[in-house]
Amino acid sequence: MNGKLDDKPAIKPEETLDPEDWDELRALGHRMVDDMLAYLESLRERPVWQPLPDAVTEALQTPIPRQPQGAQAAYEDFQQYVLPYPTGNIHPRFWGWVMGTGTPFAALTEMLAATVNSNMAGGHHAPNRVEAQVVAWLRSLLGFPDDASGLLVSGASMANLIALTVARNAKAPFDVREHGLPGGKHRMTLYASKETHSSVQKAAEVLGLGKTALRLVDVGEDFAIDMDKLELTIKTDIAMGYQPFCVVGNAGTVNTGAVDDLQALADLCRRYDLWLHIDGAFGALAALAPRDRHQIAGIEQADSLGFDLHKWLYMPFEAGCVLVRHRDEHRRTFALTPDYLAHGERGIAGRFDWFSDYDVQLSRGFRALKVWMSIKAEGIDRFGRLIQQNIDQARYLGRLVEQTPQLELLAPVTLNVVCFRFNPGGISEFSLNRLNEKLLYDLQEQGIAAPSSTLINGEFALRCAITNHRSRRSDFDFLVQQVLIRGGRLAQTITQEWAAVK
Ligand SMILES: Cc1ncc(COP(=O)(O)O)c(C=O)c1O
């Protein structure tokens, strides 16, 4: 037996991810806050965007570190390889896609949310009530009844998916959760304009309805859905034995910001007993704009509404919201409570409704905190003024385009989207598309400004979607000036190329 005890392996100290030296981490944390605020304060001085150098791309492909390099070194890597090369959407001259900018204060609240790190599946805790409060605020702003359900989601794509799942289950003449979707005679169909965002098609595919179940209806010159064609399509489908169940209306289409006639859609849906879902990804929050809220009148009549807070409420990603008028249908679609998730009357799991009973997700992040604190800090009217400011800026840019002979407005400016192109005259349609595409790359790659692009009736458009609280009218003056200078240069090159070919 002698010596046996000495052979026992030494007991290693147990590990944790809390710091050994709290003061050291505290100092680093303070530095991070100072650096990030300084970074935001000086945004305007930097290019809107810059391409990733190859060396950085390589530096972001290392083998997984097995040994600690330390928090300080990890932060330095972030500063060196990540911070200089973001998407650019926080810059005052970023207007691509529909992004949103975030705010310095909301960035700070993200740290608080990660610190308490509540799981927002549900339960008896204050964060749960914060989300309920935010949803209640949004519900009342958008004119939904007090008993409507709602929750924060990752974005409008997820809001659309959740809402359309409820719509499908509520309107199916059979129990979809139990039996899935039978093919053949019960082919369920839904309707939306051709200008509808691709997330609706994705939802139709994910829901097992298939792409062709989504009937895409023509739009008028205003890019809003043609109501007569919509009704005709529905009638034809009914006559052919399909089961129409839902219309998706647009409060702000992605291409041009067009708004469907929401009131007329609500009337039609009532007549045909169809679910009305409205994709208001950005447009829904025009409800806050003092002089333009009338443009989305009727939105409050929807059965469900999806919209983003990371677009026109300027929150950092991710934050979207879905509201459903029929709470029971919503719950019936998603609630599933196995033994290990029982939420009884008391304890941590008890007392309040679980958000996961209304969501695809079980574990959910504390997205609500940034929204709750930002609305408290700024007051919702301030957001309304900023949204109005963006709409006014879009009109300003639209006017600049119309007043400039070498520029052409390609779609009416309804809300905050401006589609235009450089067209000095005497250039073929095909070459104009190439020219404007090159112009877009030039503006982005030189860090001047970041519109994105789309095709309007086949014409390549520079597209500005203004959901940016940092933009100033002078930024649009600068954009137009640069488009003229750079477009002019490109046009010259094209003309010289032609001359060389001839
Ligand atoms: C009209 C519309 N619907 C849906 C979406 C999808 O939103 P998200 O990217 O937040 O999922 C967008 C995004 O731009 C949009 O413009």
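The following conversation takes up the ligand site, the empty spaces and some backbone details of a predicted model.

Trainee: What should be settled about numbering and about which atoms count?

Mentor: This is a predicted model, in which local features need pLDDT of at least 70 and side-chain atom pairs count only at pLDDT 80 or more, while totals for chains, interfaces and linings use all residues. Residues are numbered from 1 along each chain as its sequence is written, and side-chain values use heavy atoms, with hydrogens and water left out.

Trainee: What makes a residue count as one of the 14 around the ligand?

Mentor: A residue is near a molecule if one of its heavy atoms lies within 4 Å of it. Of the 14 residues around the ligand, those that come nearest are Ser157, Asp279, Asp308, His310 and Lys311. By class the shell has 5 nonpolar, 6 polar and 3 charged residues, where Ala, Val, Leu, Ile, Met, Phe, Trp, Tyr, Cys and Pro count as nonpolar, Asp, Glu, Lys and Arg as charged, and the others, Gly among them, as polar.

Trainee: Which distances link the ligand to Asp279, Asp308 and His310?

Mentor: The yardstick is the polar contact, a pair of N or O atoms within 3.5 Å; within protein, one atom must be able to donate a hydrogen and the other to accept it, and residues adjacent in sequence count only if both atoms are side-chain atoms. A ligand nitrogen is 2.6 Å from an N or O atom in the side chain of Asp279, a ligand oxygen is 2.6 Å from an N or O atom in the side chain of Asp308, and a polar side-chain atom of His310 lies 2.9 Å from an oxygen atom of the ligand. The protein buries 85% of the 390 Å² that the ligand exposes when taken alone, with areas from the Shrake-Rupley method and a 1.4 Å probe.

Trainee: How do you know that a space is a cavity and not a pocket?

Mentor: On a 1 Å grid over the protein atoms alone, a cavity is a set of points where a 1.4 Å probe fits but cannot get out, whereas a pocket is an open set with protein on both sides within 12 Å along at least five of seven lines, and lining residues have an atom within 4 Å of a point. Searching the whole structure gives 1 cavity of 30 Å³ or more, and the largest cavity has a volume of about 30 Å³. Its lining holds 4 nonpolar, 6 polar and no charged residues, including Trp95, Gly100 and Thr467.

Trainee: Why is Thr467 called buried?

Mentor: Buried means under 20% relative accessible area, exposed over 50%, and partly exposed in between (1.4 Å probe, protein chains only). Thr467 has 3% relative accessibility and therefore counts as buried. Thr467 sits in the loop between strand 11 (459-465) and helix 16 (473-501), and a polar atom of its side chain lies 3.3 Å from the backbone nitrogen of Gly100.

Trainee: What lines the largest pocket?

Mentor: The largest pocket holds about 1100 Å³ of space. Its lining has 36 residues, of which Met32, Met36, Phe78, Ala107 and Leu108 are the closest to the centre. Helix 2 gives the most, with 12 residues, and by class the lining has 24 nonpolar, 10 polar and 2 charged residues.

Trainee: Why is Asp392 called partly exposed?

Mentor: Its relative accessible area is 25%, so Asp392 falls in the partly exposed class. Asp392 belongs to helix 14 (residues 380-403), and its side chain makes a polar contact of 2.7 Å with the side chain of Arg291.

Trainee: Which backbone details stand out around Tyr314 and Glu318?

Mentor: Most residues other than glycine have a negative phi, and most peptide bonds are trans. Tyr314, although not a glycine, has a positive phi of about 65 degrees, and the peptide bond joining Phe317 and Glu318 is cis, with omega about -5 degrees. Tyr314 is placed in the loop between strand 6 and strand 7, and Glu318 is also placed in the loop between strand 6 (304-308) and strand 7 (320-324).

Trainee: Are Tyr314 and Asn457 buried or exposed?

Mentor: Tyr314 has 1% relative accessibility and so counts as buried, whereas Asn457, at 68%, counts as exposed. Asn457 also has a positive phi, near 50 degrees, and lies in the loop between strand 10 (452-456) and strand 11.

Technical notes
Grid points are joined across faces, edges and corners, and a volume is the space filled by probe spheres set on the points. Helices (H or I, at least four residues) and strands (E, at least two) are DSSP runs, numbered from the N terminus.
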